[in-house]
Amino acid sequence: MSHHPPTSREKAKPAGDEEATTVLNLGEFQGVETLTLSEAALVINALVAKRRNERKNVNEKDTLTKTIDYLDTFARFKEKESVEAVERLLGAQDKLHKFERAQLGSLCCETSEEAKYLIPSLSGKMSDDDLQEILDEMYKLMHR
């Protein structure tokens, strides 16, 4: 038996009451618009381009540069037309919460099983076949 105190600490509880499990509880973000990574990339890149064209001080700080790099790396849809088509496809799914639609559009899961594993709140909202159909359509748009 060791006489040393334990070296681990209790895991701190997350601040706020947000939870994205089988039941969505987004706290203060409940009604907030949610963007996919591809939509966020379009918005930020358009804003930076507009400021450069107007010769305004873009003030590209390290955080902005890193955010743009992250979005350029992980945004699955690079063309504006594809981003808009995915938004229309997911926006038509009124059974889904905005957060769930944004997660689907950012994660681009290959199977409905994977989507329901990564986004547990999808369970029971639509059939696996319907979800797979949406994922297949998104896949087609990703490879345009």
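Start by selecting Glu100, which is buried, with a relative accessible area of 0%. The model is a predicted one. Now add Lys125: Glu100 and Lys125 form a salt bridge, and their closest N and O atoms are 2.9 Å apart. This pair joins distant parts of the chain, 25 residues apart, with Glu100 in helix H4 and Lys125 in the loop between helix H5 (112–118) and H6. Lys125 is partly exposed, at a relative accessible area of 29%.

Next, select Gln93, in the loop between helix H3 (80–91) and helix H4 (98–107). Gln93 counts as buried because its relative accessibility of 19% is under 20%. Show Leu89 as well: its backbone oxygen lies 3.3 Å from a polar atom of the Gln93 side chain.

Go on to Lys50 and Glu54, whose side chains meet in a salt bridge with an N to O distance of 3.9 Å. Glu54 is partly exposed, at 40% relative accessibility.

Then select helix H6 (residues 128–142), where Asp130 has its place. Asp130 is partly exposed, with a relative accessible area of 39%. Add Asp129, Glu133 and Asp136; together with Asp130 they gather in a surface patch of negative charge.

Staying in helix H6, pick Glu137 and Lys140, three residues apart, about one turn of the helix. Their side chains meet in a salt bridge at 3.1 Å, N to O. Glu137 counts as partly exposed at 35% relative accessibility, and Lys140 as exposed at 52%.

How many salt bridges does the count come to? The count comes to six, among them Glu100 with Lys125.

Definitions and conventions: Residues are numbered from 1 along each chain as its sequence is written. This is a predicted model: local features need pLDDT of at least 70, side-chain atom pairs count only at pLDDT 80 or more; totals for chains, interfaces and linings use all residues. Side-chain values use heavy atoms; hydrogens and water are left out. Patches are made of residues with over 30% relative accessible area and no salt bridge: like charges are joined within 9 Å, nonpolar side chains (Val, Leu, Ile, Met, Phe, Trp, Tyr) within 5 Å. Accessible areas come from the Shrake-Rupley method with a 1.4 Å probe; for residues, only the protein chains shown count as cover. A salt bridge is a side-chain nitrogen of Lys or Arg within 4 Å of a carboxyl oxygen of Asp or Glu. Lys and Arg count as positive and Asp and Glu as negative; His and the chain ends are not counted. The place of a charge is taken as NZ of Lys, CZ of Arg, CG of Asp or CD of Glu. Helices (H or I, at least four residues) and strands (E, at least two) are DSSP runs, numbered from the N terminus. Buried means under 20% relative accessible area, exposed over 50%, partly exposed in between (1.4 Å probe, protein chains only). A polar contact is a pair of N or O atoms within 3.5 Å; within protein, one must be able to donate a hydrogen and the other to accept it, and residues adjacent in sequence count only if both atoms are side-chain atoms.
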